[in-house]
Amino acid sequence: MNQPAARGGTNATWALVITGAAGFMAALDNLVVTTALPSIREDLGGKLADLEWTVNAYTLTFAVLLMFGAALGDRFGRRRLFVAGLSVFTAASAAAALAPGIDTLIAARAVQGVGAAIMMPLALTLLTAAVPAARRGAALGIFSAVTGIAVAAGPLVGGSLTEHISWEWIFWLNVPIGLLLLPLARTRLKESYAPNARIDIPGTLLISGGLFGIVYALVNANAEGWTSPLVLGGLIVGTLLIAGFVRHGIRRPDPMLPMRLFKDRTFAGINAASLLMFLGMFGSIFLLSQFMQGVAGYSPTEAGLRMLPWTAMPLLVAPFAGILSDRVGGRPVVTAGLALQAVGLALFAMAVEPGVSYAALLPALIVSGIGMALYFAPATSLVMSSVRPAEQGIASGANSALREVGGALGVAILGAVFSARGGYETPQVFVDGTVPALWIGSAVVGLAALTALAMPGRRATGRTTTVRKSAARDTAAEEKRETAAGEKRETVAV
């Protein structure tokens, strides 16, 4: 009796180590490039639009393929596709490090996003399957903490490697980790499938084309002109394709993202708030990371360190946010966090100027950090509690995708505002473009706070909890059937 338990514990530990390391790499690459942007621009050249695409090429492919990656794993084997995604991510990281020009770097970043989109959702699924139910919450908490550390460390790691070695090493860093994880994933993770899994190719094509069209138009609007055929065409076609995706999600019986989920006010509200939050936050960090170096005069490492009161605050405050959310409900905590984030961006807009001291920026950094910390943990809980247990995978994937979409749109929209009002010629010109962009970022996050405030309170969401409990037995039975079907298919494959 003890031997199987020990073996199960070992499998769970290996699953946590492997998926945690993979999640760390994928999360790190969201922001690791921000503090390296000035060095990349100096080395490879490129305009503002090119710098935007070095960030957006990753976040965009990551966002639009997240749910598709999960569906591929359900259909063809989660371990098999996790290994494939990890392989793609590792190879693309090497290609980015070797990029001879900005266009090649952007292409490699896009392929990195494809690998991460396959790898990340399956990492959570494989971890959940490997860990016993009694310890699952702790394991997922560790996984979330590791990815949170990666987000916080992104600007610092990118800045340190850029300053002390070269910007290429922000990508080389992934290669040895990926090569180490590949054999471990093949030998230590257990294969699993989802019964009757189907792949929504039309839905993937609609949402991918739609988001690409809109982001492409926003990034190139100032260079090409808002009335140019390329920009207008991108906006119109992108909007039509997204409308088609929504219609597809309503009419198809098994779409990538069932639109019926958005009938729940909590699910719709927290996803809308998440998209707006990341739009304001990512766009602001994109500009402020460059401000810290180009205007404030800090080195890449110093810039990353000075961003820590903002990016690392969730590590300190998030546990207390979770406790507070359990006591008073998720809605007030999320609303307060978004409101503080909006205030923090407004403080930035009032403080940034040539020659500004770090002490003058510190209040904005701390307030923004506390706001972000209050948002994260309760937001995840609200997403999961707004759907049935059997739909939590879809719900989590949708929320993650919308966050990434918000980040891509934020870089594009706030970058467009910056380009229209400022540039890189002098510190004052840079500030002239950054300030209005930060005000818009603050307004967008403020709108997210109002959206969260409109969600049902704890009494209303209690009905969702009842639904979840009543569905628990069905979910357990479904998991048993999935395991049996996966073992049967794995035996046949062997």
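This is a short tour of one protein chain, with a stop at a helix and two of its partners.

**The whole chain**

Start with everything selected, and keep in mind that the model is predicted. Color by secondary structure: the chain has 19 helices and 0 strands. Of its 494 residues, 53% count as buried. Among contacts with a separation of 6 or more, 84% join residues 24 or more positions apart. Now switch on the surface: the accessible area is about 20500 Å², and carbon and sulfur atoms own 65% of that.

**Helix α3 and helix α4**

Next, select residues 48–76, which form α3, and then residues 78–97, which form α4. How do the two helices run relative to each other? Their axes come within 8 Å and cross at roughly 150°, which makes α3 roughly antiparallel to α4. To see where they touch, show the side chains of Y58, L72, G73, D74 and F76 in α3, along with R78, R80, L81 and F89 in α4. Sorted by class, this contact holds 5 nonpolar, 1 polar and 3 charged residues.

**Helix α3 and helix α11**

Keep α3 on screen and add residues 265–294, which are helix α11. Here the axes come within 12 Å and cross at roughly 135°; the two helices are therefore oblique to each other. Rotate the view to look at the crossing of α3 and α11, which is right-handed. Finally, highlight L48, L51, E52, V55 and T59 on α3: these residues meet F282, F286 and Q290 on α11. By class, the contact of α3 with α11 has 5 nonpolar, 2 polar and 1 charged residues.

Definitions and conventions:
Residues numbered from 1 in each chain as written. Predicted model: local features only at pLDDT ≥ 70, side-chain atom pairs only at ≥ 80, totals over all residues. Heavy atoms only, no water. Axes fitted to C-alpha atoms, helices over the stretch in contact; angles between N-to-C directions. Helix = DSSP H or I, 4+ residues; strand = E, 2+ residues; numbered from the N terminus. Parallel < 35°, antiparallel > 145°, perpendicular 65-115°, else oblique. Left-handed = near helix turned anticlockwise from the far one by under 90°. Contact = heavy atoms within 4.5 Å. Nonpolar A, V, L, I, M, F, W, Y, C, P; charged D, E, K, R; others polar. Buried < 20%, exposed > 50% of the residue type's maximum accessible area, 1.4 Å probe, protein only. Areas by Shrake-Rupley, 256 points an atom, 1.4 Å probe, with all protein chains shown as cover.
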